[in-house]
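Visitor: I have a model open and would like to go through its interior. Could you take my questions one at a time?

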Amino acid sequence: MGWSADLPPSFLKAVIEHVAHPIFVKDRKFRFVLVNRAFCEMVGYPRDEMLGRSDYDFFPAEQADFFRKKDMEMFGEGATVTIEEEPLTNREGEHHVLATTKVPYRDESGEVTHLVGIIHDITRLKAFEEELRRANDELEQRVLARTAELEEAQLRLIRKDRLEVLGQLAGGVAHQVRNPLGAIQNAVAVLRRDNSVGTRSTALEIIEEEVMRANRIITDLLDYARVSPPQLSRIELRPLVEELLAHEALPPTIALAFDVERDLFVKVDPVQVQTALGNVIRNAVEAMPDGGQLSIEARRGAMVEVRIRDTGEGVALDVREGLFLPLVTTKSTGVGLGLSTARNLLQNQGGNIDYEPSAAGTTFLIQLPAGD
């Protein structure tokens, strides 16, 4: 090998010998012709034993095959070859992970005569990476376990809160149910006194109306008490709302402005969403006893946004803050569970509902997970 005219070969050899990184040089027959101290210490073989011999004399066959393949690649292309990660087993059976650069050495004519290998022993780095990966995995498992514990605790608190609310509801429900039962009892008493066609028709209408009112109170109570896990599916929103409106049967005094885009898909539990929207629509209808306009519109976005508006008197400022709390109602009848149940159902599947200030009437903004 040729050396710089400015520096004696002994100087360069001394530098190579004391470099902390393992360095080796091979000839075109893949024999070691130079190895420094760091290389000998890493592989566990003395210099005199290695010079003039090849990888196959020291390392497992599969490793020697890989080393030879990369050596041939460098000699064949005459260009630097970088190996980001390769295994090496030393004389004592210790496993190392190396990052190796193989550089061609050319003579005065430009011919590649030798291969210079420079090694970075990344064994400790890989061990640290593996240790960090295990620590991250353990941390992730602990976070998941802790998250599950917190979710369970939150569910327990929610159930406790609901039980407390249900306890408060007991008196209110009893009172509200007694009202329709009293009206039914009075209608029955009238029928017993007068069974004429006109009286019978009026009494039956009263009974039917009061039964529906009692059933609504019981349904609201059950909906609030049991919010089950959602059964999510990708569904088109427009037919879902149209089906709901067909069952709600709006009074003739209510004009409907319906603007829900076609092919607008959401990923929700259809039954829970219909229940939530039904509660909001019924609230809107009840806010317009003398008639008005009910507007339902939906638009695409990061979340699908549904706005339900009425032209009623609106919501007083002192009521807005607790609008979605149970037992909060501005109606003379009912137990104030419609909006709180709607919010529970919508949040149960990643959606939400909020009061949206408007110039007149009342507007609710409902957000649903997009299904696109």
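What follows is a short exchange on the cores, one arginine and the cavity of this predicted model.

Visitor: Which helix gives the largest share of the largest nonpolar core?
Guide: That core has 36 residues, and Leu237, Ile296, Val306, Ile308, Ile366 and Leu368 touch the most other members. The largest share, seven residues, comes from residues 270–286, which form helix H8.

Visitor: How many residues does the other core have, the one with Cys40 and Met50?
Guide: This core lies apart from the largest one and also includes Ile83 and Leu88. Its residue count is 22.

Visitor: Is Arg307 buried or exposed?
Guide: Arg307 lies in strand S10, residues 303–310. Its relative accessible area is 18%, and buried means under 20%. Arg307 is therefore buried.

Visitor: Which side chains make polar contacts with the side chain of Arg307?
Guide: One polar contact, of 3.3 Å, leads to Glu305. Another, of 2.9 Å, leads to a residue that is also in the list of residues Arg307 touches, along with Ser295, Ile296 and Thr363. The two partners are Glu305 and Glu356.

Visitor: Which strand gives the most to the lining of the largest cavity?
Guide: The largest cavity has a volume of about 90 Å³, and 13 residues line it, with Phe24, Asp55, Phe67, Leu88 and Ile119 closest to its centre. Strands S1, S3 and S4 each supply at least two lining residues. The strand that gives the most, with three residues, is S4.

Visitor: How many charged residues are in that lining?
Guide: By class, the lining has eight nonpolar residues and one polar residue. The charged residues number four.

Methods: Residues are numbered from 1 along each chain as its sequence is written. This is a predicted model: local features need pLDDT of at least 70, side-chain atom pairs count only at pLDDT 80 or more; totals for chains, interfaces and linings use all residues. Side-chain values use heavy atoms; hydrogens and water are left out. A nonpolar core is a set of buried Ala, Val, Leu, Ile, Met, Phe, Trp, Tyr and Cys residues joined through side-chain atoms within 4.5 Å. Buried means under 20% relative accessible area, exposed over 50%, partly exposed in between (1.4 Å probe, protein chains only). Helices (H or I, at least four residues) and strands (E, at least two) are DSSP runs, numbered from the N terminus. A polar contact is a pair of N or O atoms within 3.5 Å; within protein, one must be able to donate a hydrogen and the other to accept it, and residues adjacent in sequence count only if both atoms are side-chain atoms. Contact means heavy atoms within 4.5 Å. On a 1 Å grid over the protein atoms alone, a cavity is a set of points where a 1.4 Å probe fits but cannot get out, and a pocket is an open set with protein on both sides within 12 Å along at least five of seven lines; lining residues have an atom within 4 Å of a point. Grid points are joined across faces, edges and corners, and a volume is the space filled by probe spheres set on the points. Ala, Val, Leu, Ile, Met, Phe, Trp, Tyr, Cys and Pro count as nonpolar, Asp, Glu, Lys and Arg as charged, and the others, Gly among them, as polar.
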